[in-house]
Amino acid sequence: MREHGFGDETVLWCYSPSSCDIVEQVPHSALVYDCVDRHSAYKGHITPEVVDGMERDLAKPADQVFATAVGLAETLEKINPTTKMLPNGAAYEIFSRVQTEKDALSCPEDMKGLGHPVYGFVGMLQECIDYALIEKLAKERPDATIFLIGRTLPGVDLSHLKQYKNIVFHGLVPQPELPAYLAQMDVCLNVFRAGALSKDVSPLKFYEYLATGKPVVSTREPLQVEDFRDVVYIAHDADEFLALCDEAACENAPEKVEKRLAYGEQCSWTERVRQMEDVLYKKGVLHESPEK
């Protein structure tokens, strides 16, 4: 390990609980655990209790723990009091192109001829998404299009949604190509079912939506959306969700676009890294280089 650059000045940064068994074998001066998911909730060939145990073994000796969501932070601060909640962010320079380069972004072939308004969703189609709201929107607004970009995760059955001709399951799109798709959407959807899983989510899509400047209709989950309630349409029930989708599709408020862009920049990865560095420098985990 030392031959490959690991030494007494190395800060070991871990994301996966399964790395707990190798930490002691890697020379380092400090350990950071960056928790971005409820890892034990993944379905498949895992034992949740074992994964949670590995996470405890990794988090307890860490010099600093970061967590991206409220539920994760609440769990980890009982194990390590250094835990600090910092949500996910967005690649602002990519997603802000929806506004800064909107005249240069050509409409993708597979979005031409769609019925408007177009309600878009970008992200993994996973268990905690509120598909009942998506179905209600498709059923009650048959002339609109619900355009879903993302992969359906194993164990999620969406066959009941495929009866609706106005729901498009597009599949994955490489991130650099997403602005061209988002530019054609009238409203972005951030829809999560209330529950334990939603407490542990810090959706990249939400911050990416802000960075586009586009109107966003969201459920109350995850809790972070309340911080942006002045520019995001937050629905408390299914009927309000439908009404807010209509309202957002008709929005004509340049000031809201500008404020969403400003929020998106505040939530950029550049800003998130700065916030993390500030914590780590104050704690002494990171040190200024001699030339500084």
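**Exercise 1. Break down the lining of the largest pocket by residue class, then locate its centre and its main contributor.**

*Solution.* Start with the classes: the lining of the largest pocket holds 19 nonpolar, seven polar and eight charged residues. Keep in mind that this is a predicted model. Next, take the volume, which is about 940 Å³ for the largest pocket. Then look towards the centre: 34 residues line this pocket, and the closest to its centre are D37, Y42, M124, Q126 and L153. Finally, ask which element gives the most to the lining; helix α8 (residues 204-212) does, with three residues.

**Exercise 2. Do the same for the second largest pocket: find its volume, its central residues, its classes and its main contributor.**

*Solution.* The space in the second largest pocket comes to about 220 Å³. Of its 15 lining residues, D186, K214, P215, E251 and V257 are the closest to the centre. Sorting the lining by class gives seven nonpolar, three polar and five charged residues. Now turn to the helices: α9 (238-249) and α10 each supply at least two lining residues. The largest share, three residues, comes from α10.

**Exercise 3. Decide whether helix α8 is largely enclosed or open to its surroundings.**

*Solution.* A residue counts as buried when its relative accessible area is under 20%. In α8, the residues that meet this are K205, F206, Y207, E208, Y209, L210, A211 and T212. That makes eight of the nine residues of α8 buried, so the helix is largely enclosed by the rest of the structure. Follow the chain just past α8 and you reach G213, which takes a positive phi of about 80°.

**Exercise 4. Classify the ring pair of F228 and Y263, and work out which parts of the chain it ties together.**

*Solution.* A pair of aromatic rings is described by the distance of the centres and the angle of the planes. The count of aromatic pairs in the model comes to six. For F228 and Y263, the centres are 4.9 Å apart and the planes make an angle of 85°. Since planes over 60 degrees apart count as edge-to-face, that is the label for F228 and Y263. Now place the partners: F228 lies in the loop between β9 (216-219) and β10 (233-235), while Y263 is in helix α10 (residues 254-266), so the pair ties together parts that are 35 residues apart in sequence. Both F228 and Y263 are buried. Widening the view, F206, Y207, F228 and Y263 form one aromatic cluster. Y207 has a further contact: the charged end of R272 sits over its ring, 5.5 Å from the centre. Elsewhere, the charged end of K162 sits over the ring of F169, at 5.4 Å from the ring centre.

**Exercise 5. Give the strand order of the four-stranded open sheet and name its edges.**

*Solution.* The order is β1-β2-β3-β4, with parallel pairing. The edges are β1 (11-14) and β4 (84-85), each of which pairs on one side only. Inside the sheet, strand β2 (residues 30-35) and strand β3 (residues 64-67) pair in the parallel sense over four bridges. To check the register, find D34, which stands opposite F66 in β3.

**Exercise 6. Find where the cis peptide bonds before P117 and P222 lie.**

*Solution.* Most residues other than glycine have a negative phi, and most peptide bonds are trans. The bond joining H116 and P117 is cis, with omega about 5°, and P117 is in the loop between α4 (97-100) and β5 (118-122). The bond from E221 to P222 is also cis, with omega near -5°; P222 is in the loop between β9 and β10.

Definitions and conventions: Residues numbered from 1 in each chain as written. Predicted model: local features only at pLDDT ≥ 70, side-chain atom pairs only at ≥ 80, totals over all residues. Heavy atoms only, no water. Phe/Tyr/Trp six-rings, centres within 6.5 Å; stacked < 30°, edge-to-face > 60°. Buried < 20%, exposed > 50% of the residue type's maximum accessible area, 1.4 Å probe, protein only. Lys NZ or Arg CZ within 6 Å of the ring centre and 35° of its normal. 1 Å grid on protein atoms, 1.4 Å probe; cavity = no way out; pocket = protein on both sides within 12 Å on 5 of 7 lines; lining within 4 Å. Points joined across faces, edges and corners; volume = space filled by probe spheres on them. Nonpolar A, V, L, I, M, F, W, Y, C, P; charged D, E, K, R; others polar. Pairing = 2+ DSSP bridges.
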